[in-house]
Amino acid sequence: MSLNIVVLVKQVPDTESVRQLVPGAGTLDRGAADGVINELDEYAIEEGLRIAEAHGGEVTILSVGPERAAESIRKALSMGADKAVHVLDDAIAGSDALATSAVIAAALGQVGFDLVIAGSESTDARTGVMAAMLAERLAVAQLTLASKVDIDGTVVTVRRVADEGIEVVAGELPAVISVMEKINEPRYPSFKGIMAAKKKPVQTLTLADLSVDAQAVGLAGSATAVSGFEAAPPRGAGVIVKDEGEGGAAVAAFLAERKFI
Amino acid sequence: MAEVLVLVEHTGGDVKKVTAELLTAAARLGTPSAVWAGPGAEAGQARLAEFGAATVYVADSPDLADYVAAPKAELLARLVASASPAAVLIAGTAEGKEIAGRLAVKTGAGILTDATGIHAAPDGTPVTAHANFGGAVNAQATTRTGLAIITVRPNAITPAPAAGQATLVPVDFTASDAARAARVTAREPSQKSARPDLTEAQVVVSGGRGTGSADGFKVIEDLADALGAAVGASRAVVDAGWYPHQFQVGQTGKTVSPQLYAAIGISGAIQHRAGMQTSKTILAINKDPEAPIFEIADYGIIGDLFTVIPQLITEISKRKAD
């Protein structure tokens with residue numbers, strides 16, 4: 001069996017950098033911060049590579065994003081993925097999750113897949129809805145929030161980190177899975193991997209290539225809008241005390257004053 | 001007034017606190033209708049009435065528990081078609097977000113996730129508040145569609161009792177084949193701890209690198225128990241294997257919004273603040289006077305947690321005894 005594995009990768013602003021919104025649009029100012037691979041997607045890439053190594057198959061990186069997302073695609077390839085598809089179209093900028101899911105689903109339809117692997121969420125928007133939206137759009141099994149993935153023939157079984165504990169969930173290929181942080185230890189690109197990545201094929205697709213209506217995506221085509229935003233007001237300066245032996249009692253007094261004890 | 005659907009979170013017949021929060025928010029947008037998926041609605045009815053549910057749609061089909069997310073989204077989509085609600089409110093749990101995402105695809109309606117506040121604009125349109133980028137930015141959002149699908153951060157909205165009829169309306173539901181693609185074959189419920197649920201707790205005590213070891217982390221549990229609090233952990237603690245991942249608070253862990261958040265031995269990197277910055281009161285104890293956690297703390301002690309915490313616990317039990 002040779003599995004066609006597609007791993008979804010999103011370039012996000014580094015969580016260590018200052019993230020801000022664009023006045024008027026209320027969208028993330030992606031130019032203002034360093035772009036990195038969403039760290040939760042690194043677990044998805046690693047899982048895809050491990051599945052391909054264990055069962056045979058090919059790993060394709062799929063990313064929707066502006067031109068600079070090419071850096072993150074290249075990094076994913078240097079970890080060992082075979083090829084990549086970059087959906088690049090200015091009309092996509094400002095798309096909300098629902099509009100973005102339409103673009104990704106169209107790209108997956110075109111690329112073809114047995115298994116789609118996503119991270120559990122992105123560290124910028126943090127909606128945690130994408131894998132479920134894609135499973136719905138593609139009408140395939142949703143095997144999400146996995147802390148372990150097993151494939152036996154055409155059956156995929158995951159240990160799902162659900163709200164009330166662990167659920168063991170099974171479904172047939174093709175399927176969409178999402179993986180949790182810590183499911184594996186993502187590998188670092190080797191020097192050889194970095195060199196090899198430079199020659200790996202990256203296909204660029206536009207909305208027209210995917211037959212997606214540009215009016216249905218982007219800021220204007222999205223079903224949601226940010227109506228306003230402001231920097232969060234700084235929290236009032238707190239009382240900071242150095243412990244001189246009575247620190248615990250001082251905290252107790254504070255908690256009692258606030259009626260916590 | 002248009003209906004506003006609230007998907008009830010329940011275990012057995014026990015209605016979770018977040019559902020009361022959602023019903024309170026729903027009343028600001030229209031007439032709250034609860035949607036009960038699974039058995040036990042009779043047991044939960046009184047609680048739903050207490051927080052203003054006019055109607056409780058009850059679909060008691062095993063499909064709703066036997067398959068992941070999709071059947072609940074399908075049930076909600078059917079109720080959207082028959083009741084034409086102004087909004088659907090869903091708890092911002094892991095599965096809640098997935099159900100909301102699928103419902104958005106089914107209905108084409110705008111989806112707003114992780115709302116920390118909800119109100120109606122003068123024209124009645126739902127407006128949601130959001131704390132973005134670890135609480136650095138406050139944003140407001142709306143949908144352009146007649147229906148808004150909103151997931152709400154637990155503990156962010158104060159529930160207000162309001163009388164409702166909570167009339168049970170049975171709904172005949174069987175999931176389609178498409179919604180049965182991911183079957184739950186086994187369940188291993190989390191060990192029921194005596195402590196409150198992390199995302200619903202009024203008080204959360206979290207420990208960080210400063211606890212030094214798995215053994216050292218026990219002092220965090222002791223303080224949590226003295227305060228009747230949930231235990232949280234920083235990523236450093238989880239990475240080191242001192243405490244399980246399900247308790248991680250932060251950017252890639254849980255987001256909490258308790259009345260009191262105690263950050264013990266946690267430096268307060270942006271990664272951590274993303275998960276707790278909307279807490280009402282923040283207490284910090286840290287050896288390092290430069291720790292960024294002190295910038296957002298309402299009260300802070302610069303000192304050794306291993307001397308401060310035991311003294312605090314003694315003081316708490318003394319006050320309890322008085």
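Which side chains meet in a salt bridge with an N to O distance of 2.8 Å? They are those of A:R159 and B:E188. The structure is a predicted model, and a search of the whole of it finds 32 salt bridges over all chains. The same model contains 2 cavities of 30 Å³ or more. The points below take up chain A, the salt bridges, the cavities and a surface patch in turn.

**Chain A**

- The secondary structure of chain A consists of 8 helices and 13 strands.
- Along the principal axes, the C-alpha atoms of chain A fill a box of roughly 65 × 45 × 40 Å.
- Chain A has 261 residues, of which 52% are buried.

**Salt bridges between the chains**

- A:R159 and B:E188 form their salt bridge with a separation of 2.8 Å from N to O. A:R159 belongs to strand β8 (residues 155–162) of chain A and B:E188 to strand β13 (residues 183–189) of chain B, so this pair joins two chains.
- A:R159 counts as partly exposed because its relative accessibility is 28%. B:E188 is likewise partly exposed, with a relative accessible area of 36%.
- A:E167 forms a salt bridge with B:R187, and the closest N and O atoms are 3.6 Å apart. This pair also crosses between chains, running from strand β9 (residues 165–172) of chain A, where A:E167 lies, to strand β13 of chain B, which holds B:R187.
- The two partners of this bridge are set in contrasting surroundings: A:E167 counts as buried at 14% relative accessibility, whereas B:R187 is partly exposed, with a relative accessible area of 45%. The buried class requires a value under 20%, so A:E167 falls within it.
- A network of salt bridges links A:E39, A:E181 and A:K182 with B:R235 and B:D239.

**A salt bridge within chain A**

- A:K75 and A:E42 are joined by a salt bridge in which the closest N and O atoms are 3.4 Å apart. A:K75 is in helix α2 (residues 69–78) and A:E42 in helix α1 (residues 39–55), so the pair ties together parts of chain A that are 33 residues apart in sequence.
- A:K75 counts as partly exposed because its relative accessibility is 34%.

**Cavities**

- The largest cavity has a volume of about 70 Å³. Its lining is made up of A:Q11, A:V12, A:P13, A:R30, A:A33, A:D34, A:G35, A:P66 and A:R68.
- Strand β2 (residues 11–13) of chain A gives the most to this lining, contributing 3 residues.
- By class, the residues around the largest cavity comprise 4 nonpolar, 2 polar and 3 charged.
- The second largest cavity holds about 40 Å³ of space. Chain A lines it with A:V140, A:A141 and A:Q142, while chain B supplies B:Y67, B:V68, B:A70, B:R102, B:A178, B:A179, B:A181 and B:A182.
- The lining of the second largest cavity divides into 9 nonpolar residues, 1 polar and 1 charged.

**Nonpolar surface patch**

- A:F191, A:I194 and A:M195 form a nonpolar patch on the surface, and their accessible area together is about 310 Å².
- Within this patch, A:I194 is placed in helix α5 (residues 191–197) of chain A. A:I194 counts as partly exposed because its relative accessibility is 37%.

Definitions and conventions: Residues are numbered from 1 along each chain as its sequence is written. Chains are lettered from A and ligands numbered from 1 in the order in which they are written. This is a predicted model: local features need pLDDT of at least 70, side-chain atom pairs count only at pLDDT 80 or more; totals for chains, interfaces and linings use all residues. Side-chain values use heavy atoms; hydrogens and water are left out. On a 1 Å grid over the protein atoms alone, a cavity is a set of points where a 1.4 Å probe fits but cannot get out, and a pocket is an open set with protein on both sides within 12 Å along at least five of seven lines; lining residues have an atom within 4 Å of a point. Grid points are joined across faces, edges and corners, and a volume is the space filled by probe spheres set on the points. Helices (H or I, at least four residues) and strands (E, at least two) are DSSP runs, numbered from the N terminus. Ala, Val, Leu, Ile, Met, Phe, Trp, Tyr, Cys and Pro count as nonpolar, Asp, Glu, Lys and Arg as charged, and the others, Gly among them, as polar. Patches are made of residues with over 30% relative accessible area and no salt bridge: like charges are joined within 9 Å, nonpolar side chains (Val, Leu, Ile, Met, Phe, Trp, Tyr) within 5 Å. Accessible areas come from the Shrake-Rupley method with a 1.4 Å probe; for residues, only the protein chains shown count as cover. A salt bridge is a side-chain nitrogen of Lys or Arg within 4 Å of a carboxyl oxygen of Asp or Glu. Buried means under 20% relative accessible area, exposed over 50%, partly exposed in between (1.4 Å probe, protein chains only).
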